[in-house]
Amino acid sequence: MSVRWPSTCVLFYALFVLCALCRSFVSGEGANQTAKLIVDASGQLGRPIPETLFGIFFEEINHAGAGGLWAELVSNRGFEAGGPNTPSNIDPWSIIGSESSIVVSTDRSSCFSRNKVALRMDVLCDSEGSNTCPPGGVGIYNPGYWGMNIEQGKTYKVVLHVQSLESVNLSVSLASSDGLQELATGYIIASASDVSNWTKVELVLEAKQTDHNARLQLTTTKKGVIWFDQVSAMPVDTHKGHGFRKELFSMLADLKPQFLRFPGGCFVEGEWLRNAFRWRENIGPWEERPGHFGDVWMYWTDDGLGYYEFLQLAEDLGARPIWVFNNGISHNDQVATSSISPFVQDVLDSIEFARGDPNSKWGSVRAEMGHPEPFQLRYVAIGNEDCGKKNYRGNYVKFYNAIKDAYPDIQIISNCDGSSRQLDHPADMYDYHIYTSANNMFSKSHQFDQTTRTNNGPKAFVSEYAVTGKDAGTGSLLAALAEAGFLIGLEWNSDIVHMASYAPLFVNSNDRRLSTSGVTPCILRSPLMDWTLTPSAPSGQQRSNSHPIM
């Protein structure tokens, strides 16, 4: 811990003085006026600021992960987004060729027990005869998330599972959005005996040209029936080979976050429990992960970015992981406290996965995934924004007691706000969220001024804050100043407030789900994506449009 006079104060008052001088200059009054700024930076006015104060909060919203930080280029790679029943919608996959040359359908023939849907391609045309295939062949293509960013000289690993009762001759290409120009191509030529059972095929393609709006296509000119499943394409060069896009990871690393709160947010809860984030469903080989529909932010995720990857992300950033888990409560349904025991055990298993010995049941699964050493998980949050729900307090106590018995060193975070009145249950920290107008945000700089100070009382975690609505737009000076003022209040009360993070972290400009502003945003642009991130302090949320930030 260190003692310092809040640096944001200096910035804020400097901006204030600058604005005053500019106004004076414009009105022609500047020649005879002076401005005096008195700053008392004496040590006795300062409070110790914890090194944990500023971190980041990652939620799967705005395609922050799928189509964002996670480098997977294929959307709906397992053909599961249309649901478990067949026939199903394969969107965004599309067909290359006419109905007289190809028929595409889905069935439940996959070799993966947790995601049984596979794509069946009946090729009716051939390389010769009365029904000849077009020169480029027929097949299917995937545009990824609003186009794949393919860059000349870079290599991409394509992995797919294929089955056929006949020999196959497939072209696997990264191509322009209209499919007319091939950027990189590989071939799968196999006898019937080689692919009579489901077979995993891997190709490494080097791009000959750059196209920011490319697609992956699988084509053939040979008549027959071919099944596909779990089709993936990723750049070979990700951060440490861990699957994170290097340019976006670098933006996070530059923030030097002291913690990473994940994976939500409302994403943890779900509108219904059946669509909540389930850690067991997104560990292990990516092909075996069923994926799920995030019914709060209304899009499908293949869950390549899962519980293990979030822990790895925190480690790569040198940040403390904060695991926010579902406590048996969604937006619309709840598990009674009398029935919560399986959920409690599930969370204990998740902690063992992160921290357990490599010879333990769940620690061994982590070790098999390539991380024999335990992750440094020391913080967990019981639910997200659930304090007012009927079963929260009863469920909370069950989780709290079980976790403290098994892992007494873990810091447990309650959803209930303790800034205005003391909590009625044990906690190491309590969560405080605020999404509001600029005027109200600025006034909240005093939120913690009157909070009861006790040596052993819980500390505050302001894990989500932002100016929202018309004041925010897609970033405004008004919103930035209001958030800066709020942060001054957090630093001033840093004996109580030990952690703070802005929300949301990233937004893909094609899918703005949250309308928030950013403090001095840095913008990374490409023809297909516009990522924004605050380099210093963060900013906020309202459920609609949005701006990516810390």
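In this predicted model, the largest pocket holds about 600 Å³ of space. Its lining is made up of 22 residues, and those closest to the pocket centre are Trp70, Met234, Gly241, Gly243 and Trp286. Sorted by character, the lining comes out as 8 nonpolar, 8 polar and 6 charged residues. As for where these residues come from, strand 9 (155-164), strand 12, strand 14 and helix 5 (307-317) are the elements that each supply two or more of them.

Strands 9, 12 and 14 turn up again in an open sheet of 5 strands, ordered 5-6-14-9-12 and paired antiparallel. At the edges of this sheet sit strand 5 (102-107) and strand 12 (199-206); each has a single partner strand, so one side of each goes without a neighbour in the sheet. On average, and ignoring direction, neighbouring strands here are turned by 30° against each other. Further in, strand 6 (residues 118-123) and strand 14 (residues 224-235) run antiparallel and are joined by 5 bridges. Within this part of the sheet, Val123 faces Gly224 of strand 14. In general terms, strands of a sheet pair through backbone hydrogen bonds, in either a parallel or an antiparallel fashion.

Away from the strands, a loop residue is worth a quick look. Asn275 sits in the loop that links helix 4 (266-269) to strand 16 (292-294). Despite this loop setting, Asn275 counts as buried, because its relative accessibility is 17%, and the cut-off for buried is under 20%. The Asn275 side chain also makes a polar contact, at 2.9 Å, with the side chain of Asp295.

Note on methods
Residues numbered from 1 in each chain as written. Predicted model: local features only at pLDDT ≥ 70, side-chain atom pairs only at ≥ 80, totals over all residues. Heavy atoms only, no water. Pairing = 2+ DSSP bridges. Helix = DSSP H or I, 4+ residues; strand = E, 2+ residues; numbered from the N terminus. Axes fitted to C-alpha atoms, helices over the stretch in contact; angles between N-to-C directions. 1 Å grid on protein atoms, 1.4 Å probe; cavity = no way out; pocket = protein on both sides within 12 Å on 5 of 7 lines; lining within 4 Å. Points joined across faces, edges and corners; volume = space filled by probe spheres on them. Nonpolar A, V, L, I, M, F, W, Y, C, P; charged D, E, K, R; others polar. Buried < 20%, exposed > 50% of the residue type's maximum accessible area, 1.4 Å probe, protein only. Polar contact = N/O pair within 3.5 Å; in protein donor to acceptor, adjacent residues only side chain to side chain.
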